[in-house]
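Here is a short briefing to read with the model open beside you. It goes topic by topic, so you can follow along at your own pace.

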Amino acid sequence: MTDYDALLNTAASIGVQMLESGAEAYRVEDSLQRLCQAYGVEISEIFAIPSLLIVSFCDPEGHSHTRVRRLYHRGTDLWKVDRLNSLCRRVCQTRPPFPEVDDELLSITRQEGYPPLLQMAGFALTAAFFALLFGGTLRDALCSLAAGISIFLVKGPMERRRTNSFFVNAVSSMTAALVAIAQVILGLGQNLDLIIIGAFMGLVPGVALTNFMRDVLAGDLFAGITKLTESLLTATALALGAGIALSLVRYFGGVV
């Protein structure tokens, strides 16, 4: 006999982890519906948006089971999304006991991400390569690389303290812009705009924009609009940070 409360808790936990890792709303809803069906629930209602998850179904006796989970932290971890998606598929095929599923879910959530040095290299190389792609010189690429490193050094500690993402992006972009401006003033870089744009590419919400389109095409308009709003706020934060940096330099007599 299926323990429907355990099923509800397990499904909600998997869904929350998927949403926090950047999964699309339609993927979460489809995965949890299949999970419930695998344990004998014919009809389940799943509602997922980036900040909220509702899992509800009726057991064969007609009793209603509902779980509402509020999400306060979101990020992008496609490796974790893949592992969670694979877990759902395997559970649907084999239907293991819920404690076994919970143990594997705990193992996935505790898995360490990429090491800090590798993350810093990602920010730095992304900035350098995009500066070259947009027509910058090798000197511009090296300056953008330094600005990318500054983003990582500011962004990481703020995220660990669960700072609001808008302020994280605004402060990170302001720091990168100040680093870029300082290098241009010192004569190390030539094209300030290309240096800043290259550094900002590590902060552009590419996954959120992609998920917005996929959710809209899948019919999840509310989730898609939420993702679009999040992307627009991120873009606003980047522009605000760069604008503050440029204004400060001009106010104090810098030449940019």
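## The sheet and its hairpin

E1 and E2 form a hairpin, with two residues between them. Please keep in mind that this is a predicted model. The hairpin belongs to an open sheet of three strands, ordered E1-E2-E3 and paired antiparallel.

- Strand E1 (44-49) and strand E3 (64-70) are the edges of the sheet; each has a single partner strand, so one side of each is left without a neighbour there.
- From one strand to the next, the twist averages 5 degrees.
- Strands of a sheet pair through backbone hydrogen bonds, and the pairing can be parallel or antiparallel.
- E1 and E2 run antiparallel and are joined by six bridges. To find this pairing on screen, start from Ser 44, whose bridge partner in E2 is Phe 57.
- Strand E2 (residues 52-58) and E3 also run antiparallel, here with seven bridges. A handy landmark is Leu 53, whose bridge partner in E3 is Arg 69.
- What lies across E1 and E2? Helix H2 (residues 25-38) does, and H2 runs at about 155 degrees to E1.

**Salt bridges**

How many salt bridges does a search of the whole structure find? The search finds five, and several of them are described here.

- Glu 24 and Arg 27 meet through their side chains in a salt bridge of 2.8 Å, N to O.
- Are these two partners buried or exposed? Glu 24 has a relative accessible area of 4%, so Glu 24 is buried, the cut-off being under 20%. Arg 27, with a relative accessible area of 22%, is partly exposed.
- Glu 24 and Arg 27 are also linked with Arg 214 in a network of salt bridges.
- Another salt bridge joins Glu 104 and Arg 90, with the closest N and O atoms 2.0 Å apart. Glu 104 is in helix H4 (residues 98-109) and Arg 90 is in helix H3 (residues 78-94), so this pair ties together parts that are 14 residues apart in sequence.
- Glu 104 counts as partly exposed at 25% relative accessibility, and Arg 90 is partly exposed with a relative accessible area of 34%.
- Lys 155 and Glu 159 form a salt bridge in which the closest N and O atoms are 2.4 Å apart. The two residues are four residues apart in helix H6, which means that about one helical turn separates them.
- Lys 155 counts as buried at 14% relative accessibility, whereas Glu 159 counts as partly exposed at 36%.

**A nonpolar patch on the surface**

- Which residues form the nonpolar patch on the surface? They are Leu 125, Phe 129, Leu 132, Leu 138 and Leu 142, and together they have about 510 Å² of accessible area.
- Helix H5 (116-133) and helix H6 (138-160) each supply at least two residues of the patch. H5 gives the most, with three residues.
- One of the patch residues, Leu 125, is in helix H5. Its relative accessible area is 41%, so Leu 125 is partly exposed: the class lies between the buried limit of 20% and the exposed limit of 50%.

**Two buried residues in helix H10**

- Leu 238 is in helix H10 (residues 221-251), and at 8% relative accessibility Leu 238 counts as buried.
- Setting aside neighbours within four places in sequence, Leu 238 is in contact with Asn 169, Ser 173, Phe 200 and Leu 203.
- The C-alpha atoms of Leu 238 and Val 168 are 9.6 Å apart, while the two residues are 70 residues apart along the chain.
- Thr 234 also has its place in helix H10, and Thr 234 is buried, with a relative accessible area of 11%.
- What is Thr 234 in contact with, leaving aside its neighbours within four places in sequence? Its contacts are Asn 169, Leu 203 and Pro 205.
- Asn 169 and Leu 203 are therefore worth picking out on screen, as they are among the contacts of Leu 238 and of Thr 234.

Methods: Residues are numbered from 1 along each chain as its sequence is written. This is a predicted model: local features need pLDDT of at least 70, side-chain atom pairs count only at pLDDT 80 or more; totals for chains, interfaces and linings use all residues. Side-chain values use heavy atoms; hydrogens and water are left out. Patches are made of residues with over 30% relative accessible area and no salt bridge: like charges are joined within 9 Å, nonpolar side chains (Val, Leu, Ile, Met, Phe, Trp, Tyr) within 5 Å. Accessible areas come from the Shrake-Rupley method with a 1.4 Å probe; for residues, only the protein chains shown count as cover. A salt bridge is a side-chain nitrogen of Lys or Arg within 4 Å of a carboxyl oxygen of Asp or Glu. Buried means under 20% relative accessible area, exposed over 50%, partly exposed in between (1.4 Å probe, protein chains only). Two strands pair if DSSP finds at least two bridges between them. Axes are lines fitted to C-alpha atoms, for helices over the stretch in contact, and angles run from 0 to 180 degrees between N-to-C directions. Contact means heavy atoms within 4.5 Å.
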